[in-house]
Amino acid sequence: MKQFLLILLVLVTIPLVSESSKKKKKVKTKPVPIENKLIDYSEFKRIVNRSEGEREMHRLTEDQFLKLMSEEGVVLLDARSENRFRLLHIKGAKNLPFTEFTKESLADLIPEKKSKILIYCNNNFEGNQEAFAAKSPAASLNLSTYNSLKAYGYESIFELGPLLDVKTTVLPLVTEKPEKVETP
């Protein structure tokens, strides 16, 4: 009887131990990376991580932003779409939509890598949804713009920090009138 129970115990235990071993042996394999020399996620993460503390120190109040706008050589960059820019933007801003960022287009607009650059985006203004359509906070254009400028080697980037009402802000907002097409 003891032998029978011992054999039964062994027969029941072996499959359990074997099943447990199979589960442990299932190792998740990493996918084979798809090579593309024009996409570098590791460098992107490095830039984001490296610039996190600096970016926070370079976020400005409305008054600080306004004061810096008046300094010689400062570039005020609006990376929103051309359509939204034309609807309403900070006076003196240069428009280069984020989707148009290239080494050449940025160099044309901002030739000096050490230039002070001021940025703002949709998520800095409320009160005009058409011109400043808010994005998801984690998808704020300021975040992408800041890190892209860093990736292109720009060193002195400052960001408008607060959410401002278009009706009460001290920043000078202007509309760009569509160019008139003369009819013959």
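## A tour starting at strand β7

Select β7 and look at both of its faces: S156, F158 and L160 on one side, and I157 and E159 on the other, are all buried. That makes 5 of 5 residues buried, so the strand is mostly covered. Keep in mind as you go that this is a predicted model. If the split into two sides looks familiar, recall that in a regular strand the side chains alternate between the two faces of the sheet.

Zoom in on S156, which is found in strand β7. Is S156 buried or exposed? S156 counts as buried because its relative accessible area is 14%, and the cut-off for buried is under 20%. Now show what surrounds this serine: leaving aside neighbours within four places in sequence, S156 is in contact with K114, S115, K116 and I117.

Next, bring up the strands beside β7. Which strands pair with β7 in the parallel sense? One is β1 (residues 59-60), paired with β7 over 2 bridges. Another is β5, which pairs with β7 over 4 bridges. Click on E159 to see both partnerships: E159 is the bridge partner of R59 and also of I119.

Now for the packing. Colour the largest nonpolar core, which has 19 residues; F65, L118, Y120 and F125 touch the most other members. Where does this core come from? Elements that each supply at least two of its residues are α3 (62-69), β5 (116-120) and β7 (156-160). As background, in soluble globular proteins nonpolar side chains tend to be buried together.

Centre the view on Y120 and display its contacts. Not counting residues up to four places away in sequence, Y120 touches F65, L76, L77, D78, R80, H89, I90, A93, F125, F132, N142 and L160. Two names there should ring a bell: F65 was picked out in the core above, and L160 sits on one side of β7. Then switch to a second, separate core of 15 residues, including A79, L96, Y146 and I157.

Y146 takes you to the next stop, helix α6 (residues 141-151), where 8 of the 11 residues are buried. Select L141, N142, T145, Y146, N147, S148, L149 and K150 to see the buried ones. What covers them? The cover includes α2 (41-57), β2 (75-78), α5 (103-109), β5 and β7. Step past the end of the helix and check the backbone at G153, whose phi is positive, near 95 degrees.

Last, turn on the pockets. The largest holds about 460 Å³ of space. It is lined by 16 residues, and those closest to its centre are D40, F44, I47, S148 and A151. Which helix gives the most to this lining? That is α6, with 5 residues, while α2 and α6 each supply at least two. Colour the lining by class and you get 10 nonpolar, 4 polar and 2 charged residues.

Finish at the second largest pocket, with about 180 Å³ of space. Select A79, R80, S81, R84, P97, F98, T99, N122, K135, A139, L141 and S144 to show its lining. By class, this lining divides into 5 nonpolar, 4 polar and 3 charged residues. Some of these you have already met: A79 is in the second core, R80 touches Y120, and L141 is one of the buried residues of α6.

Definitions and conventions: Residues are numbered from 1 along each chain as its sequence is written. This is a predicted model: local features need pLDDT of at least 70, side-chain atom pairs count only at pLDDT 80 or more; totals for chains, interfaces and linings use all residues. Side-chain values use heavy atoms; hydrogens and water are left out. A nonpolar core is a set of buried Ala, Val, Leu, Ile, Met, Phe, Trp, Tyr and Cys residues joined through side-chain atoms within 4.5 Å. Buried means under 20% relative accessible area, exposed over 50%, partly exposed in between (1.4 Å probe, protein chains only). Contact means heavy atoms within 4.5 Å. Two strands pair if DSSP finds at least two bridges between them. On a 1 Å grid over the protein atoms alone, a cavity is a set of points where a 1.4 Å probe fits but cannot get out, and a pocket is an open set with protein on both sides within 12 Å along at least five of seven lines; lining residues have an atom within 4 Å of a point. Grid points are joined across faces, edges and corners, and a volume is the space filled by probe spheres set on the points. Ala, Val, Leu, Ile, Met, Phe, Trp, Tyr, Cys and Pro count as nonpolar, Asp, Glu, Lys and Arg as charged, and the others, Gly among them, as polar.
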